[in-house]
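Colleague: Please take one hairpin of this model as a starting point and look at it closely for a first-year student, then follow the connections outward from there.

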Amino acid sequence: MMKKTTLALAISAAAMAATPAFATNGDALIGLGAQSRALGGTGTAAFYGSENALTNPALLVKAKKTEISFGGTLFKPSVNTGYPAMNYDHTSKADTNVIPEISIVNPDGGQWAWGIGMFGSAGMGVDHSGEAYLMQARSTLQLMKFVPSIAFNVGNGLSLGGGVVLQYGALDINYKMNADDSADGSQEYNVGSGMDQDFGLGFILGAAFDLNDNLTLGVSYDSPITMTYKGQLSTASQPFVNFGLFPSAMSDKLEQPAVLGAGIAYTTGPWMATVDYKNIKWGDAKGYKEFGWEDQSVVALGVKYTGAGYWLGAGFNHGSNPIKKNSAAGFLTPGTASAAGATLNMFNYLFFPATVENHFTLGGGYKVSSKMTVDAAITYAPEVSDTVSALGFANANDGNPLNNQPVAIDLKTKHSQLGYTVSLRYEF
């Protein structure tokens, strides 16, 4: 066994967004607002008040009163990365995050409604600072969306809505490279140019149709939004170009993908059941498609019971892992597809392991006064474990004949998530 294996770190611009790590489909938050998060991240056909500004704005016409909702999510991710052959692992220090959310809806007699939503909408990152085997890798991508929207009741059960999406993003990728794998770290140097920020524009469209008093259908479309983070992906990937593992440096463009959604909601008495389907187009998004991400299918289920002054809800969300596991067979030939595959595995599974698939959700709300309701939700993603063949370097000081040459070594990542959401809804 090597005395020291410096794992050539790499940054996954397959990056995730937001004060690192949400309960996520890929890097996208499964739900926006306490009600949506309590019911599995649904909201394409189910009406949740002002929260619908970012799920399906066409539903805003269902609001009877002006509503303001504000709150936040305490997010507790756990990401553990290690090398089974070395009996080594480390849990990321990026394990506590606070995510704000604000939404407003103002109806106009059931014919028109306008709304505004501002949410931390996506994200993830890791912090392995101080861990030489992981090259002290740190990554953060933060995304926040501000969405003014409008909805119109066409008649005969049909409503249409849309909004302009202003997206703020910040990306930081940083690690330390050892030029000659010297045991004392004397040749260590930092790779990274500090956090960069950008703003992007997109749009959201939605439609809802009430088949009858009990059954609603909904569809939505979120446009892709291209962001450019100068000196991030290009700087982070350059050492691997020098090693012959990439043909050229990565682009600094990272696009949040288009999302197609459809849903159905059925209400009978105090009960409401809803199902959403989403297709997240990672495979078409700039940046993500270069990292081998694939389109992701997401199914979300939710059930809600509304009583006198309170509601209770539960849900489930499943999104397939969008990150491809690349082959590293025949790795020791630099410039081959397998060499790039092992490096991409490192990018994705060390820096941005958006690998959780199942989420279990629970929540409720209580009307504390005639105008104010307190809502809360818990989201839990049980641990998933993935092992891939990833990039590493043999240390010249351990007698290995490779002497600082790239090698493939199994990398194991374990990832789970827990989130607590609380919000206040005020109607007037």
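Modeller: Strands β11 and β12 form a hairpin with four residues between them, strands being DSSP runs of E with at least two residues and helices runs of H or I with at least four, both numbered from the N terminus. This is a predicted model, in which local features need pLDDT of at least 70 and side-chain atom pairs count only at pLDDT 80 or more, while totals for chains, interfaces and linings use all residues. Residues are numbered from 1 along each chain as its sequence is written, and side-chain values use heavy atoms, with hydrogens and water left out.

Within the hairpin, β11 and β12 (residues 215-222) run antiparallel and are joined by seven bridges, where two strands count as paired if DSSP finds at least two bridges between them. One such bridge sets D210 opposite its partner T216 in β12. The C-alpha atom of T216 is in turn separated by 7.6 Å from that of A46, although these two residues are 170 residues apart along the chain.

A46 belongs to the loop between α1 (34-38) and β4, and A46 counts as buried because its relative accessibility is 1%; buried means under 20% relative accessible area, exposed over 50%, and partly exposed in between, with a 1.4 Å probe and protein chains only. Leaving aside residues up to four places away in sequence, A46 touches N52, L59, A265, M272 and T274, a contact being heavy atoms within 4.5 Å.

Strand β11 also leads to the surface. A nonpolar patch of about 730 Å² is made by F70, I102, M118, F146, V164, L166, F199 and L201, and the elements giving two or more residues to this patch are β9 (158-178) and β11 (196-210). Patch residues have over 30% relative accessible area and no salt bridge, with like charges joined within 9 Å and nonpolar side chains (Val, Leu, Ile, Met, Phe, Trp, Tyr) within 5 Å; the areas come from the Shrake-Rupley method with a 1.4 Å probe, and for residues only the protein chains shown count as cover.

One patch member, F70, has its place in strand β4 (residues 67-83), and F70 is partly exposed because its relative accessible area is 41%.

With β4 the picture turns to charged residues. Side chains of opposite charge can pair when their charged atoms come close. E67 forms a salt bridge with R425, their closest N and O atoms being 3.8 Å apart; such a bridge needs a side-chain nitrogen of Lys or Arg within 4 Å of a carboxyl oxygen of Asp or Glu. This pair links distant parts of the chain, for E67 is in β4 and R425 in strand β21 (residues 406-427), 358 residues apart. Both E67 and R425 are buried.

R425 also meets the side chain of D375 in a salt bridge, at 2.5 Å from N to O. Here R425 in β21 is linked to D375 in strand β20 (residues 372-394), 50 residues apart, and D375 is buried, as R425 is. Through shared partners, the salt bridges join E67, D375 and R425 into one network. The whole structure has six salt bridges.
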